[in-house]
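Hi,

Here is the structure I promised to pass on. Have a look, then read my notes below.

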Amino acid sequence: MKIGVPKETASGEKRVALVPDAVTSLLKKEGVSIVVESGAGVASGHPDSQYSDAGATVGSLSDALAADVVLKVAVPSVEDISAFRSGQIVISHLSPWTAAETNNALARAGVTAFAMEAIPRTTRAQAMDALSSQATAAGYAATLIASNESARFWSMLTTAAGTIRPAKVLVLGAGVAGLQAIATAKRLGAIVTGFDIRRAAWEQIGSLGGRPLELDFIPDAEDEGGYARPLTDEENAQVRDALDENAAKQDVIITTAAIPGRAAPILITKEGVANMAPGSVIVDLAAETGGNCELTEAGQTIDVNGVKIVGPTNLASNLAGHASQLYAKNLENLLGLMITETGAIELNFEDDIIEAACIAHEGQVRGERTAK
Ligand SMILES: NC(=O)c1ccc[n+]([C@@H]2O[C@H](COP(=O)([O-])OP(=O)(O)OC[C@H]3O[C@@H](n4cnc5c(N)ncnc54)[C@H](O)[C@@H]3O)[C@@H](O)[C@H]2O)c1
């Protein structure tokens, strides 16, 4: 059974699906071989020689694409998909809830496709949960960008030249990325406030040393699956008013709020931005799905009366080394459910993880949510 790792083709993508340590680990299984496209790991700090030393073959793109299982990071383009062959297994981010064209192209290509976004958020699947591992990298990277752009210390300093007061940082959305942003901002010495519409997150914010912003006029918005439900228009307006007012007190706002499969909620309006002092910074992690700030432009840094609004895309790629390491571990754990002791592929669709993550098989798009 051969595993292929092509070099990522998406613009700005520096991650690689397998790091050399994961190659070593996967090759411990009898009957498994791995071919990595030359140069695939360079941008994440892994030259070809590290893959050869780990036991992989370094080859061409067509060598990697000829494998039984192809591992990728970023959503493949329709052109990339046309190079896959029928019967092959493809595992990657695939944006299954929003990229119908990708789903259909995968089904047409006759591949069995597993979407990393569709891995269930269950305890058993945690070690394969790429949404979490990559959100951790994104939350950390967003905080460092905010720190860089803010042109100030974040910690309190008492110096002979005067006292510096600590930065005030507000983090909106306290899921995986937001909690990592809170923890990173705390480590830099800031006074951190966190907000989420799920009450369970308030305690988590506190456990990291943040102060939860308790807007308790909004009822707990956690659904049965543990995710946030969309707020009503009236609730949204109340939250926006409170946050626009709170924005005036902050030096930095990092926004990470999301509802799975929907556009990001607007939490900071242009009035909120106007309330902030010149020199303040907003880093909007939700830029790709519309932004949590009304003025965010995806992929741009804009200046609105001295307030910088940064709309980064693909932040996990900023931390390509460690983001790849974690992603490779997620893939290795998922492959562990598919590869037998003798190195054969066996897909057990009775396994809830295989069943949920497989979004195309035998020429069909699979799964109710994907089909929608
Ligand atoms: N394996 C597991 O058990 C596992 C792993 C990871 C996450 N989870 C759970 O999944 C949930 C979501 O995690 P995620 O990081 O993927 O979330 P996400 O990226 O979908 O959203 C980020 C955060 O935004 C919040 N949010 C949504 N609308 C908001 C609004 N209007 N105002 C403020 N905040 C808003 C959400 O509650 C969430 O915490 C959490 O409950 C988390 O504990 C479970």
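Two residues count as in contact here if their C-beta atoms, placed from the backbone, lie within 7 Å. Keep in mind that this is a predicted model.

Domains first. The protein splits into domain 1 (2–118 + 319–363) and domain 2 (136–313). Their C-alpha centres are 34 Å apart. At the contact between them, 5 residues of domain 1 meet 4 residues of domain 2. The domain 1 side of that contact has 3 nonpolar residues, 2 polar ones and no charged ones.

Now the ligand. It has 32 residues around it. Those that come nearest are Gly 173, Gly 175, Val 176, Ala 228 and Ala 257. Helix H6 (130–150) and helix H7 (176–187) each give at least two residues to the shell. By class, that shell has 19 nonpolar, 9 polar and 4 charged residues.

Last, two backbone angles to check. Ser 95 is not a glycine, yet its phi is positive, near 45°. Ser 95 sits in the loop between strand E5 (89–92) and helix H5 (100–109). Is Ser 95 buried, partly exposed or exposed? Ser 95 is partly exposed, because 15 other C-beta atoms lie within 10 Å, between the limits of 12 or fewer for exposed and 20 or more for buried.

Ala 151 also has a positive phi, about 55°, and is not a glycine either. Ala 151 lies in the loop between H6 and strand E7 (157–159). Ala 151 has 9 C-beta neighbours inside 10 Å, so Ala 151 counts as exposed.

Best wishes

How values were computed. Residues are numbered from 1 along each chain as its sequence is written. This is a predicted model: local features need pLDDT of at least 70, side-chain atom pairs count only at pLDDT 80 or more; totals for chains, interfaces and linings use all residues. A residue is near a molecule or strand if its C-beta atom, placed from the backbone, lies within 6 Å of it. Helices (H or I, at least four residues) and strands (E, at least two) are DSSP runs, numbered from the N terminus. Ala, Val, Leu, Ile, Met, Phe, Trp, Tyr, Cys and Pro count as nonpolar, Asp, Glu, Lys and Arg as charged, and the others, Gly among them, as polar. Domain bounds come from an automatic or database domain assignment.
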